[in-house]
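Subject: Structure handover

Dear colleague,

Here is the structure I said I would pass on. My notes on it follow below.

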Amino acid sequence: MSTSNRKERSAIDRKTIGQIMDENGVGRRRFLKYCAGITALMAMPPGMTAAFAQQLRAARRPTVIYMPFQECTGCLESLTRSFAPSLESLIFETISLDYNHTLQAAAGDAAEAARHEAMEEAWGEYILICDGSIPTRMDGIYGASAGHSFVDQLHEAAEGAAAIVAVGVCASYGGVGAAYPNPTGAVGVSDIIKNKPIINVPGCPPMPEVMTGTLVSFLASGVPELDKHLRPKAFFGNTIHDRCYRRRFYDEGKFAESFDDEGARNGWCLYKLGCRGPTTYNACATIKWNGGTSWPVEAGHGCLGCSEPDFWDQGGFYEPMTAKLFDDTGQIAAGAAAGVAVGAVAAVASNRRKKKLTGAADKETSS
Amino acid sequence: MTLLEFARGPMLHFALIVFVFGVLWRLVSVALLGWRKNRAESRVSTAKAATGGAVAVGNRSWPHPEFLNRTAFGEAVGYGYHIGLFAIVLFGTPHVVFWGNLFGIGVSWWPTLPTGLITVISIATIFLMLIATIRRYMHAPLRRISNFDDWFSLAILWVLMVSGVWAVLGLGGSKETILAIHIISFNVLLIWFPFGKLMHAFYIFPSRFITGYKHEKKGAAS
């Protein structure tokens, strides 16, 4: 981006989102519809829409820096498929995405220069979006770009951020990179940065509407209410199981025993096939994917629990969620053998003592 | 490692090893004690004596007519929550799936009860446990013969039941934490089981049978 363009953008950024929308001819009706969509996604009461719209109009259009680390681009692929709001509307009407090396045209030194320039201009005010886990083993040598490790890049970018949004389970908790045996020492953003507000939007990938909804909600009213895993409660407040349309089959005791049996064809509960719905907090069952078309359980596959920490290491995906997490190699049998041996020794000792006592009693009687 | 992973992983493994070790130790040590020499002439055949033992198992599982008025309430409460516990453990879906996974067997043949019914049974069981706990404390002789063993066993059972119902009804808190507490309390139960009065689950019927058998052999009523 040229210097003149950046100055022009900087001037735009001093305006509020409402002013920018007015200038671009976005009508009140369209804006309220947009806000109603967001508040509905967040399960806010309808009466909150007007207040939300007012707060959003008054908010400044923020600079957003999107930093990819040890990731697969799946989260960004998901984000670009958001329907409400679409990524386009998010970028043009709500945020100023100043750095994302996958979406932007610039590359190499030019891209890095643009990032530093954007950070300097909005120092202390920009939103930092992180995608992917951060490898920490061997001073973070497993992940680097532009000559700097991801750990150093994260520290540098986080220093000037107003808040950090970790998108995807990798950026939130380490994800697949941190799965056993975690060769790169991968961790999530919140494991490294401790002095900034962090909002986790986990998932593999996260729901696009949840990502955009979280951003818009942050602009309107700051950091939303978070759960213990730093996820917005508005989207992660309920388990998949509680909102699942197959829940009634669980309650009735009707389960698919395999993926091609009558139960599966009848759409019965997938609990016995390993569904993680009961311990997974996400909005898949209510918002659904691809513009509300469907979601994994509706497609016939159990929930994998991808928005939960360490979901890769929770046992086999096709084993029930209460399944044991150990492979016994004879320890229980050894315990059994030891139990029998100790029991036998105890019985022999007891019998000897009994005989001794009986013998003494008999002697006393005979004498 | 999360709390739930710990509960399902190393702790469950350890608890099972201790349980199997402890139960076999106690069963074998009693089984190999041998018989006291019977100096009396046998009044009946071994088969008849065995029948007498089986009858004693039934008889002694029912209140004695002479004490019926005094013991019926306590026995009804005891039976009530024991039956409730068995129904939950043997026919609750998550438990059936758990057993299937633990023993490595398919459970498609194993019937399960609807969640609503299991929930009602669970709440009724908790209610009966409450009565049993209060009665154990309020009933002077019962309180005097109760020791740490009884109260600790009851405490584990309380945590197990309440956390289970809490998880099913979603009464608040993180589901995975509640589930972890539920499984941890089960693990503690497994570890404690062989070393306390909970062993009655294994001893109760064989001991009644042996008593009845010996009485029958001697020609005594049991």
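In these notes a residue is buried when its relative accessible area is under 20%, exposed when it is over 50%, and partly exposed in between, with a 1.4 Å probe and protein chains only. This is a predicted model, in which local features need pLDDT of at least 70, side-chain atom pairs count only at pLDDT 80 or more, and totals for chains, interfaces and linings use all residues. Residues are numbered from 1 along each chain as its sequence is written, chains are lettered from A and ligands numbered from 1 in the order in which they are written, and side-chain values use heavy atoms, with hydrogens and water left out.

Cysteines

Cys75(A) has 10% relative accessibility and is therefore buried. A disulfide here is a pair of cysteine sulfur atoms within 2.5 Å, and the count over all chains is 0. For Cys75(A), the closest cysteine sulfur belongs to Cys72(A) and is 6.0 Å away, which is too far for a bond. Cys130(A) is in no disulfide either, its nearest cysteine sulfur being that of Cys75(A) at 12 Å. Cys130(A) is buried too, at 0% relative accessibility.

Confidence

The complex has an ipTM of 0.86 and a pTM of 0.77 from the predictor. Chain B has a mean pLDDT (the predictor's confidence in each residue, from 0 to 100) of 91, with 100% of its residues at 70 or more.

Chain A domains

The domain assignment (bounds from an automatic or database source) splits chain A into domain 1 (61–236), domain 2 (240–313) and domain 3 (332–361). The centres of domain 1 and domain 2 of chain A, taken over C-alpha atoms, are 28 Å apart. Contact (heavy atoms within 4.5 Å) between them involves 22 residues of domain 1 and 16 residues of domain 2. Their buried area (the accessible area, 1.4 Å probe, that two parts lose on being put together, summed over both) is about 1,500 Å², with 70% of it on carbon and sulfur atoms. On the domain 1 side, Met207(A), Arg231(A) and Phe236(A) lose the most area to domain 2 of chain A, together 32% of what that side buries.

Interface between the chains

Chain B puts 36 residues in contact with 44 residues of chain A. About 3,500 Å² is buried between the two chains, and carbon and sulfur atoms give 60% of this. Arg8(B), Asn101(B) and Lys175(B) supply 19% of the area that chain B buries against chain A, more than any other three residues.

Chain B

Chain B has 9 helices and 0 strands (DSSP runs numbered from the N terminus: H or I of at least four residues for helices, E of at least two for strands). Of its 222 residues, 41% are buried. Its C-alpha atoms fill a box of roughly 65 × 40 × 35 Å along the principal axes.

Helix H8 of chain B (residues 175–192) holds His182(B), and Phe186(B) is also in helix H8. His182(B) is buried at 16% relative accessibility, and Phe186(B) at 17%. The His182(B) side chain reaches the backbone oxygen of Leu160(B) at 2.9 Å. Leaving out residues up to four places away in sequence, His182(B) touches His95(B), Leu160(B), Ser163(B) and Gly164(B). With the same exclusion, Phe186(B) touches Leu12(B), Phe98(B), Trp99(B) and Leu160(B). Leu160(B) is thus touched by both His182(B) and Phe186(B).

Regards

Terms used: A polar contact is a pair of N or O atoms within 3.5 Å; within protein, one must be able to donate a hydrogen and the other to accept it, and residues adjacent in sequence count only if both atoms are side-chain atoms.
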